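Okay, thanks for making time this morning. Let me put the structure up, and then I'll walk you through it piece by piece.

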2 protein chains.
Amino acid sequence: MVTIAEVARAAGVSISTVSYVMSGKRTISQETRDRVEQAIADLKYSPHASARSLASRSTNVIGLQAPLRAGVDVHVVMEIVAGVVREARANQYDILLLTSDDAAGLSRAARASMVDALLVMDIESDDPRIATLEELETPALLIGLPAGADGIACVDFDFEAAGRLAASRLAELGHTHVALIGAPEEVMARHTSYADRLNRGFLTAAEELGLDAGVHACPSSQESVAAVDAILAERPDVTGILFHNEGALPYVAGRLSSGIDGRELDVIALCPANVARTVPTLTDSIDVPAEELGVSATRAILQLLEGRDLPPVQLLAPRLESASDAAASASAS
Amino acid sequence: MVTIAEVARAAGVSISTVSYVMSGKRTISQETRDRVEQAIADLKYSPHASARSLASRSTNVIGLQAPLRAGVDVHVVMEIVAGVVREARANQYDILLLTSDDAAGLSRAARASMVDALLVMDIESDDPRIATLEELETPALLIGLPAGADGIACVDFDFEAAGRLAASRLAELGHTHVALIGAPEEVMARHTSYADRLNRGFLTAAEELGLDAGVHACPSSQESVAAVDAILAERPDVTGILFHNEGALPYVAGRLSSGIDGRELDVIALCPANVARTVPTLTDSIDVPAEELGVSATRAILQLLEGRDLPPVQLLAPRLESASDAAASASAS
DNA sequence: GTGAAAGCGCTAACAA
DNA sequence: TTGTTAGCGCTTTCAC
């Protein structure tokens with residue numbers, strides 16, 4: 001193990017000079033800087049992370065609590081995580097991966113000073129972890145939006161606006177009977193924050209627009225086919241659909257796009273653009289900018305770490321993409 | 001921040017006693033232990049991770065390099081990661097998440113002493129990161145199996161045996177013309193270790209059994225439907241299929257199970273059991289025990305950390321599950 | 001522009 | 001069975 005002392009000796013300077021060359025917190029003569037940097041390179045020195053964090057009282061690590069189990073929108077979770085890791089690394093931070101469904105894990109990491117900040121995913125409308133986070137002195141940020149206003153900053157995709165956007169788009173297309181086919185029963189039951197908000201946005205906008213609207217749960221399995229058939233049978237006037245169930249999408253996409261029993265349907269899928277692109281028969285879609293969300297959340301928490309102020313809630317606005325746009329951008333790339 | 005010194009003062013003992021109470025490396029009288037533990041609880045003390053790792057020269061952190069981008073078997077990756085995190089936590093280790101496609105990230109984490117060991121996923125047959133790992137003094141383990149025997153231990157699912165198993169099962173069912181419909185072109189082209197091995201196992205076993213066999217790439221998108229049709233058109237005698245493409249499975253499952261143009265097909269899907277369970281029309285499947293794989297890999301690297309010996313290659317054996325078994329276990333749970 | 005030295009909060013000899 | 005203390009490798013005052 002190469003230590004800072006060896007680098008200092010090799011460069012013929014003091015330890016503190018080496019430290020200041022690395023941190024840039026002091027002006028150093030060009031000549032000295034060169035010698036030190038040469039020594040660092042020659043010896044392949046990298047500072048010991050723990051020693052550094054013990055002395056500086058910061059770890060340059062962000063704790064990320066992500067839902068890892070298959071079931072809920074795996075692609076979305078993966079992309080958010082990828083965005084978080086990428087943006088963190090771009091700012092000299094690393095990511096400590098914490099298991100979900102575990103409030104204790106959050107305080108453990110924080111109290112052991114393993115992390116400088118916490119990023120928490122998979123938020124429920126009334127999430128028990130929020131109380132834990134509020135007791136901690138560690139900066140924290142939610143990727144999600146719980147029901148109550150609270151002391152923890154939030155960053156998320158604006159699912160409520162997405163619901164409204166879809167409803168008005170369907171109205172614009174002339175539909176009077178619309179349906180949101182969404183998350184599986186379990187997710188709805190847990191009041192996962194995004195499902196609640198999407199439902200609300202869709203239903204309120206539909207009501208304002210005078211549409212006959214309903215929300216329907218849907219399994220993320222092959223059984224989605226039968227489920228969708230049942231929904232359409234039960235509501236024979238429905239011709240406009242907002243579909244938000246990434247797992248079920250592949251099963252039902254072909255069926256929906258070709259219409260059912262001669263009934264022509266317009267389907268708006270709410271999913272990441274690259275998922276939508278794997279389903280060419282889709283008509284419209286609303287992108288869930290998952291990676292961008294991870295990036296935004298990370299930027300926000302980095303702001304907190306710099307002591308800068310932050311809007312308490314930051315929502316990424318939805319954008320409608322018609323299939324022709326998607327095809328165009330796909331062929332362009 | 002509560003320090004060990006405050007705990008010591010509160011309990012009326014020296015700081016080393018507190019340390020030894022926590023580590024159990026010294027016998028402590030029951031009375032003293034009680035007082036110390038009480039003080040720890042009262043003050044909500046948790047030891048400072050960096051201070052501890054600086055003094056003890058170990059971090060209790062394992063670096064995990066995982067492929068985070070959507071594209072390759074998202075469910076499988078997630079479950080492996082979940083298994084790793086779970087098993088690591090059960091043994092007092094945390095997981096530092098490193099971005100993939102980045103050999104430099106591995107040595108950075110190792111040389112900064114951020115991790116005690118490295119776990120590397122998404123291995124290609126001839127992976128450039130192996131050379132990097134061999135230069136490091138940090139224990140490392142691959143989840144995957146590169147072509148050449150090398151100094152780094154490997155744990156993986158036995159894809160080659162799975163290929164053989166599928167071929168012989170199809171032979172047993174009476175098929176003489178079989179096909180492996182597998183990963184997308186890009187994955188094959190990269191020589192991802194698992195794809196290479198699956199192909200080899202399937203083809204060699206088929207040859208031994210006198211089957212007419214072929215391997216076909218398949219996109220993980222809706223286009224898989226057309227791709228599969230093309231494959232079946234091109235090889236009109238094929239009636240037995242090993243299907244290994246989780247992304248495409250939902251698109252083609254129904255079609256394959258119902259037979260095509262009156263041709264009856266037997267399809268064995270190679271995918272995690274919980275994915276297979278979401279596709280009720282599947283006949284046979286071979287489980288990819290992804291979470292178990294993560295657990296095994298983590299156990300193996302923990303052994304390395306304890307200085308115990310390890311078999312250089314450890315492969316989880318495939319098991320065939322018929323659809324009736326799967327249905328039975330699903331209804332039992 | 002540079003150096004000396006006092007910690008940061010622990011662990012693990014060494015001593016009793 | 002317990003206490004004292006010398007580090008672990010760095011950052012950052014304080015001094016020049």
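**The DNA side, the sheet and the helices**

So let's start at the DNA: sorted by class, the surface near DNA strand D has 14 nonpolar, twelve polar and three charged residues. Keep in mind that what you see is a predicted model.

Which residues come nearest to DNA strand D? Out of the 29 residues around that strand, they are A:Ile4, A:Ser16, A:Ala55, B:Ser16 and B:Thr32. If you'd rather think in elements, α2 (15-23) and α4 of chain A, plus α2 and α4 (49-56) of chain B, each put at least two residues into the surface near DNA strand D. The biggest giver there is α2(A), with six residues.

Okay, on to how the two chains meet. Here 42 residues of chain A are in contact with 42 residues of chain B. On the side of chain A that touches chain B, at least two residues come from each of α4 (49-56), α5 (74-90), β2 (94-99), α6 (103-111) and α12 (249-257) of chain A. Which of these gives the most? That's α5(A), with nine residues. And if you split that side of chain A by class, you get 21 nonpolar, 14 polar and seven charged residues.

Now follow β2 across to the other chain. β2(A) is joined by three bridges to strand β2 (residues 94-99) of chain B, and the two run antiparallel. To pick out one pair, A:Leu97 has B:Ile95 in β2(B) as its bridge partner.

Zoom out from that pair and you get the whole sheet. It's an open sheet of twelve strands with mixed pairing, and the order goes β11(A)-β5(A)-β4(A)-β3(A)-β1(A)-β2(A)-β2(B)-β1(B)-β3(B)-β4(B)-β5(B)-β11(B). At the edges sit β11 (313-316) of chain A and β11 (313-316) of chain B, each pairing on one side only. From one strand to the next, the twist averages 25°.

Staying in chain A for a moment, strand β3 (residues 117-120) and strand β4 (residues 140-143) run parallel, with three bridges joining them. There, A:Leu119 is partnered with A:Leu141 in β4(A). And α6(A) packs on the sheet: it touches β1 (61-66), β2 and β3 of chain A, and its direction makes about 145° with that of β2(A).

Last bit, two helix pairs. In chain A, helix α1 (residues 4-11) packs against helix α3 (residues 30-43) at an angle of about 125°, with the axes 9 Å apart. So α1(A) is oblique to α3(A). Their crossing is right-handed. Who touches whom? From α1(A) we have A:Glu6, A:Val7, A:Ala10 and A:Ala11, and they meet A:Arg35, A:Val36, A:Ala39, A:Ile40, A:Asp42 and A:Leu43 in α3(A). That contact comes out as seven nonpolar, no polar and three charged residues.

Over in chain B, have a look at helix α2 (residues 15-23) and helix α3 (residues 30-43). Are they roughly parallel or roughly perpendicular? They pack at an angle of about 90°, axes 10 Å apart, so α2(B) and α3(B) are roughly perpendicular to each other. On the α2(B) side you have B:Thr17, B:Val18 and B:Val21, which meet B:Thr32, B:Arg33, B:Val36 and B:Glu37 in α3(B). By class, this contact has three nonpolar, two polar and two charged residues. And B:Thr32 takes us back to the start, since it was one of the residues that come nearest to DNA strand D.

Terms used: Residues are numbered from 1 along each chain as its sequence is written. Chains are lettered from A and ligands numbered from 1 in the order in which they are written. This is a predicted model: local features need pLDDT of at least 70, side-chain atom pairs count only at pLDDT 80 or more; totals for chains, interfaces and linings use all residues. Two residues are in contact if their C-beta atoms, placed from the backbone, lie within 7 Å. Helices (H or I, at least four residues) and strands (E, at least two) are DSSP runs, numbered from the N terminus. Ala, Val, Leu, Ile, Met, Phe, Trp, Tyr, Cys and Pro count as nonpolar, Asp, Glu, Lys and Arg as charged, and the others, Gly among them, as polar. Two strands pair if DSSP finds at least two bridges between them. Axes are lines fitted to C-alpha atoms, for helices over the stretch in contact, and angles run from 0 to 180 degrees between N-to-C directions. Angles under 35 degrees count as roughly parallel, over 145 as roughly antiparallel, 65 to 115 as roughly perpendicular and the rest as oblique. A crossing is left-handed if the near helix is turned anticlockwise from the far one by less than a right angle, and right-handed if clockwise. A residue is near a molecule or strand if its C-beta atom, placed from the backbone, lies within 6 Å of it.
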